[in-house]
Structures are given as C-alpha cells and as structure tokens.
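Good morning, and thank you for making time for this presentation. I would ask you to keep the sequence and the structure in view while I speak.

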Amino acid sequence: MSAAPDVLSPATLGPLTLRNRTIKSATFEARTPNALVTDDLIEYHRKPAAGGVGMTTVAYCAVSQGGRTEGNGIWMRPEAVPGFRRLTDAIHAEGAAVSAQIGHAGPVANARTNGATALAPVRFFNPIGMRFAKKASADDIDDVLADHAKAARFAVEAGFDAVEIHLGHNYLASAFLSPLINRRTDEFGGSLANRAKVARGLVMAVRRAVDQGPRQIAVTAKLNMSDGVRGGISNEESLITARWLEEDGGLDAIELTAGSSLVNPMYLFRGDAPLKEFAGAFKPPLRWGMRMTGKKFLREYPYKEAYLLREAKLFRAELKLPLILLGGITNRETMDLAMAEGFDFVAMGRALLAEPDLINRIARDGAGVRSACTHCNQCMPTIYSRTHCVVTGAPD
C-alpha cells in the first residue's frame with residue numbers, strides 16, 4: 001500500500017492543481033444585500049485564501065431568481081459576472097483557487113422574498129416564505145437543466161476554477177432523490193432510477209457546458225449520503241446514485257454531506273442546537289412556532305471529530321472517483337486520518353469561519369494545533385443577517 005499523501009501537499013482536481021488538499025466548504029455568507037457581489041463577500045473569501053486554504057467555495061450561487069434560498073441571494077446572470085470577476089481575482093492573488101456552488105433551492109427556496117415561484121417534486125409548503133412551491137413540470141425541469149448549464153458558463157466567464165453542483169440537503173435535486181419528498185408517479189418518481197434523473201441530468205448539463213467553454217474548470221458535486229430522517233435518502237440508495245454519477249463521467253470529485261435543510265439540519269451540523277438564537281432570527285409567528293416545536297426540527301447530535309467518516313467510508317470503499325470528506329475536520333490529526341482512509345481532500349466550514357488562518361497555523365505549528373471553534377453552532381442563525389463566528393469576535 002502506498003503512503004497516505006500529505007494533506008498540505010499539492011493535488012490535482014480535474015484540470016486544476018490545488019496548492020494543498022484543504023477546501024473551504026460552501027457556507028451561506030449573507031453578504032450580498034443587493035443580490036450582487038460586495039467587498040464584504042470578497043473579504044470573507046479572501047481571508048481563508050490568505051490563510052492557506054487550497055480552494056474556497058462561494059455559496060450559494062443560484063442558477064435562477066426562483067432558485068435562491070432567499071431574496072438577497074445571488075443568482076448567476078450577466079450583471080453578477082463583473083463582481084464575481086473581482087472576487088476570483090482577489091482569491092487568485094492569494095494563491096488559492098475558488099469554486100462557485102451552483103444549484104436550485106427547490107422546496108427550500110423562499111418564494112416570497114425571491115419574488116419568483118419555487119419548484120419542488122410535488123406541491124410543497126415552505127413555512128419560512130409562507131408560500132407553496134409548484135410541482136415541477138417536465139418543461140420546468142428542462143429549464144432548470146438549461147439554467148445550470150448557463151450558470152456554469154457564467155462561472156467560467158467570471159474566472160472561477162471550479163463549480164460545485166448542489167445535490168444535497170433536500171434542495172431541488174436532492175428533493176427529487178428523496179423518497180420521502182418525491183411522491184411523483186411519472187418518469188421522475190417512483191424508482192431510484194427515475195428519482196435520480198434530475199441529479200444526473202444536471203451534472204451532465206454542466207459538464208457539457210464546461211467542456212464547450214473557452215477554458216477547462218473542475219466540476220464537483222455535493223451529495224447527501226443520507227438525510228438523517230426515516231424514509232429519506234439512505235446510504236444504500238445514495239451509494240447507487242454515486243455509482244451512476246461516477247459512471248456518467250461528469251464529475252471530477254464528490255463532496256459527501258448529510259442532513260436536510262427542510263427536516264433535520266443538525267444531522268450535518270453536529271454539536272449544540274442554538275434554538276433560542278434561531279427563534280430570535282425570525283419574526284412572529286414563525287418565532288413562536290420555532291420556540292414551541294424547534295426541538296423536533298433542531299435535533300441535537302453530539303460533536304466528534306470526523307463525524308461523517310463512518311458513512312463516508314462506505315462510499316470510499318465502492319468508488320474510484322476522488323472524494324472530499326466533510327464534517328468535523330478541525331485539526332491536523334483528523335486531516336491525516338482522512339488521507340489515511342483514502343479521501344483526496346478535506347472540506348471545512350465552521351473551523352475556517354472561526355479562524356480563517358487555521359491552515360497556515362497548522363502548517364507552521366504542526367499537529368498540536370486545535371481549532372478555536374467550540375461547535376456551539378451559534379454561527380448558524382447569523383446566516384439570516386451576516387454570517388460570522390460569535391466566539392472569535394463580532395462581525396468585522
């Protein structure tokens with residue numbers, strides 16, 4: 001057996017060579033009040049780039065106005081390209097690569113603040129937006145595929161090095177994959193082969209768009225290993241989907257994730273469940289509802305390092321495609337464990353939110369470094385105002 005690679009050594013990701021194997025995962029930034037890139041958003045990503053990360057991921061670059069999670073979110077369109085170009089130039093100046101997470105929020109989309117109809121596999125009520133998502137027709141699905149291709153072309157034009165297609169967290173593609181949500185009886189429902197058509201179609205639409213572009217960029221996807229709820233996406237079905245995605249040949253890597261933004265978000269965000277702070281982020285009556293029933297929504301799971309590793313190893317054993325391990329990656333020992341288990345990259349969210357220079361500190365000081373993140377998860381409610389770590393200081 002060959003020795004595990006050094007996590008701080010260069011690595012290839014499709015056509016890219018990253019300076020190391022660390023990736024800042026997509027975390028909604030809430031720094032685009034006019035749905036366009038701001039200096040604030042650029043600085044948010046410049047800091048971890050200067051702090052040594054191999055690649056940072058901009059979230060969430062919706063493929064259409066109605067595909068956003070909320071009304072201040074960016075969607076990929078000509079007006080957004082100049083700002084994105086400023087952002088990618090700033091990241092490249094720090095020696096890092098930058099990826100755009102593209103996708104359609106589906107039933108998670110807030111149709112009220114978006115000012116556009118939301119889509120879902122079936123008619124679906126969103127309590128935050130107090131609106132129903134429309135059952136997507138075959139024509140709607142074709143439009144979403146075309147929107148993903150256009151978004152990828154905008155990403156190339158804007159100077160991104162990669163795109164990450166959002167196939168997780170019960171956003172649109174993930175909602176189609178979920179047997180709990182997708183109760184359709186047509187060609188997009190029923191069997192897993194039917195439910196996976198949207199996810200597979202999106203990936204290949206993006207791949208074709210990228211391959212026809214003026215320069216090559218990497219294509220990755222964020223895929224749920226499981227939803228963490230009975231009747232939702234399971235490891236067994238997700239692994240079959242992952243094999244199909246590998247066979248289709250559209251991806252350079254898969255980032256493995258878990259949990260549902262609709263019914264069980266804490267399955268991804270292990271640690272404390274900040275119910276009081278979440279309730280405070282909303283206005284009545286949603287605030288009251290969150291206080292009364294929030295414990296059913298924000299289920300608490302204990303934190304431990306590499307908490308998705310057990311599930312992810314099932315995928316590593318069956319797939320040849322490069323895999324990105326997410327979840328509880330905060331120190332050098334855990335990174336080394338990920339490399340030893342055969343993962344190609346590690347992705348970090350909260351640890352880099354707390355300490356954007358964590359990678360440089362690990363490179364300088366070695367295995368004894370411990371992240372300042374306490375896993376209190378009080379950063380999570382800040383996505384409704386301006387995402388920041390409440391432990392290491394007020395928003396800058």
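Let me begin with a definition. A surface patch here is made of residues with over 30% relative accessible area and no salt bridge, and nonpolar side chains are joined within 5 Å. Please bear in mind throughout that this is a predicted model.

With that definition in hand, we may turn to the surface. Phe125, Met130 and Phe132 together make a nonpolar patch of about 300 Å². One of these residues, Phe132, belongs to strand β8, which covers residues 131-135. The relative accessible area of Phe132 is 43%, and Phe132 is therefore classed as partly exposed.

Another surface position is Glu236, which sits in helix α8, residues 235-248. Glu236 is counted as exposed because its relative accessibility is 58%. From Glu236 to Thr374 there are 138 residues in sequence, and the C-alpha to C-alpha separation in space is 32 Å.

I now come to the barrel. In what order do the eight strands close into a barrel? The order is β3-β4-β5-β9-β10-β11-β12-β13, and the pairing is parallel. From one strand to the next, the twist averages 30°.

Let us follow some of these pairings. Strand β3, residues 22-24, pairs with β4 in the parallel sense, over two bridges. Within that pairing, Lys24 stands opposite Thr56 of β4. On to the next pair: β4 and strand β5, the latter spanning residues 97-103, are joined in the parallel sense over six bridges. There, Val58 has Ala100 in β5 as its bridge partner.

Strand β4 itself, residues 55-62, deserves a pause. How many of its eight residues are buried? The count is eight of eight, and the strand is described as mostly covered. Tyr60 lies in this strand, and the peptide bond from Ala59 to Tyr60 is cis, with omega near -5°. As background, most peptide bonds are trans, and most residues other than glycine have a negative phi.

That background also applies to two backbone positions elsewhere. Ala35 is not a glycine, yet it has a positive phi of about 60°. Ala35 is placed in the loop between β3 and α1, the helix of residues 39-50. Is Ala35 buried or exposed? Its relative accessibility is 5%, so Ala35 counts as buried. Asn377, also not a glycine, has a positive phi of about 65°. Asn377 is found in the segment after α14, which covers residues 358-365. With a relative accessible area of 1%, Asn377 is buried.

Returning to the barrel, I would draw your attention to strand β11, residues 253-257. This strand is mostly covered, with five of its five residues buried. In a regular strand the side chains alternate between the two faces of the sheet. In β11, Ala253, Glu255 and Thr257 point one way, while Ile254 and Leu256 point the other way, and all are buried. Strand β10, residues 218-224, pairs with β11 in the parallel sense over five bridges. Asn224 has Thr257 in β11 as its bridge partner.

Further along the barrel order, strand β12, residues 323-326, and strand β13, residues 345-348, pair in the parallel sense over three bridges. In that pair, Leu325 stands opposite Val346 of β13.

My final topic is the cysteines. How many disulfides does the model contain? The rule asks for a pair of cysteine sulfur atoms within 2.5 Å, and by this rule the count is zero. Why is Cys373 without such a bond? The closest cysteine sulfur to that of Cys373 is in Cys389, at 6.5 Å, and this is too far for a bond. Cys379 is likewise in no disulfide, and the nearest cysteine sulfur, that of Cys376, is 6.4 Å away. As for accessibility, Cys373 is buried at a relative accessible area of 14%, and Cys379 counts as buried at 13%.

To close, I would leave you with two points. Eight strands close into a barrel with parallel pairing. Within strand β4, where Tyr60 lies, the peptide bond from Ala59 to Tyr60 is cis. Thank you for your attention.

Notes:
Residues numbered from 1 in each chain as written. Predicted model: local features only at pLDDT ≥ 70, side-chain atom pairs only at ≥ 80, totals over all residues. Heavy atoms only, no water. Patch = residues over 30% accessible without salt bridge, like charges linked within 9 Å, V, L, I, M, F, W, Y side chains within 5 Å. Areas by Shrake-Rupley, 256 points an atom, 1.4 Å probe, with all protein chains shown as cover. Salt bridge = Lys/Arg side-chain N within 4 Å of Asp/Glu carboxyl O. Helix = DSSP H or I, 4+ residues; strand = E, 2+ residues; numbered from the N terminus. Buried < 20%, exposed > 50% of the residue type's maximum accessible area, 1.4 Å probe, protein only. Pairing = 2+ DSSP bridges. Axes fitted to C-alpha atoms, helices over the stretch in contact; angles between N-to-C directions.
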